[in-house]
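User: Please take me through this model. I want the helix geometry, the packing and the pocket.

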Amino acid sequence: MYGWAGNILKIDLSEGTISTEPTEAYVDDYIGGRGLGVRLIYDNYTPGTDPFDPGNPLIFNVGPLTGTAMPGSGRVDVTAVSPMSKLRAKSNFGAYWGPELKYAGFDHIVIKGRAEKPCYLWISDGRVEIRSAEHLWGKDTFETQKAIQKELADPEVKVVCIGPAGERLVTFACLITETGDAAGRTGKGAVMGSKNLKAIAVRGFGRVEVAHPNKLLEQSIKVIEQMR
């Protein structure tokens, strides 16, 4: 299946369970990560659920071009019911976390429930762990990323996380990766904080299969030239 890693990762933090679902059933009907993310929230949300209720799904979505050479393809769309509007809403961030998720074997992450204690997710080449983040709670986003990279003994681990605002459920709190790429709209940091989820760390060594790699590279170069 070209352009996709092939797996949707599903995590219930209340139960501590981890499962996967094939992406293939969706890709012919929904365009890109954002379209598929809308489908996933309607499949996983119960009407009337409060934004800070454990049943509000927090969904991370990447598209079929993510992880390729196509410019602008590294964006990650984040979907949930917003604590600001009480409606389904989205935000997105850039940098390298999205491609790393694809290289690790996943196209989307659907997170439900609320962990009993602060935690973070560690995703590495198809393996997923729910780890304690009690030692990270209260740290800002820069400190958190560095601490997780040190803990995992790999400075190339990509981390998206929340800071103290998300922990305290500030309704406009952001998700942050790298030195400032932010999902800065609709309060996704507060939704993540309501789940006692401090961060998601990802490392992958896979690849994104492309049907016509030379043609894609040629088109990518043309797009870059047009932007310049």
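**Helix, core and pocket**

User: What end-to-end distance should H2 span, and what are its end C-alpha atoms apart?

Analyst: This is a predicted model. H2 has 13 residues, and the rise is 1.5 Å a residue. The expected span takes one less than the number of residues, so H2 should reach 18 Å. Its end C-alpha atoms agree with that, being apart by 19 Å.

User: Which elements do the buried residues of H2 pack against?

Analyst: Buried here means under 20% relative accessible area. In H2 that holds for Gly32, Gly33, Leu36, Gly37, Leu40, Ile41 and Asn44. Their packing partners are E1, H1 (24–27), E3, E4, E5 (88–93) and E6.

User: Which residues touch the most other members of the largest nonpolar core?

Analyst: That core has 30 residues. Elements giving two or more residues to it include strands E1 (7–12), E3 (58–61) and E6 (108–112), and helix H3 (97–103). Ile109 touches Leu9, Leu58, Trp97 and Ile200, among others, leaving out residues up to four places away in sequence. The residues that touch the most other members are Phe60, Trp97, Ile109, Ile111, Ile123 and Ile200.

User: Which residues lie closest to the centre of the largest pocket?

Analyst: The largest pocket holds about 210 Å³ of space. H2 (32–44) and E4 each give two or more residues to its lining. Of the 14 lining residues, the closest to the centre are Gly33, Gly63, Thr66, Ser73 and Arg75.

User: How many residues of each class line the largest pocket?

Analyst: Glycine counts as polar in this tally. The lining has four nonpolar, seven polar and three charged residues.

Definitions and conventions: Residues are numbered from 1 along each chain as its sequence is written. This is a predicted model: local features need pLDDT of at least 70, side-chain atom pairs count only at pLDDT 80 or more; totals for chains, interfaces and linings use all residues. Side-chain values use heavy atoms; hydrogens and water are left out. A nonpolar core is a set of buried Ala, Val, Leu, Ile, Met, Phe, Trp, Tyr and Cys residues joined through side-chain atoms within 4.5 Å. Buried means under 20% relative accessible area, exposed over 50%, partly exposed in between (1.4 Å probe, protein chains only). Helices (H or I, at least four residues) and strands (E, at least two) are DSSP runs, numbered from the N terminus. Contact means heavy atoms within 4.5 Å. On a 1 Å grid over the protein atoms alone, a cavity is a set of points where a 1.4 Å probe fits but cannot get out, and a pocket is an open set with protein on both sides within 12 Å along at least five of seven lines; lining residues have an atom within 4 Å of a point. Grid points are joined across faces, edges and corners, and a volume is the space filled by probe spheres set on the points.
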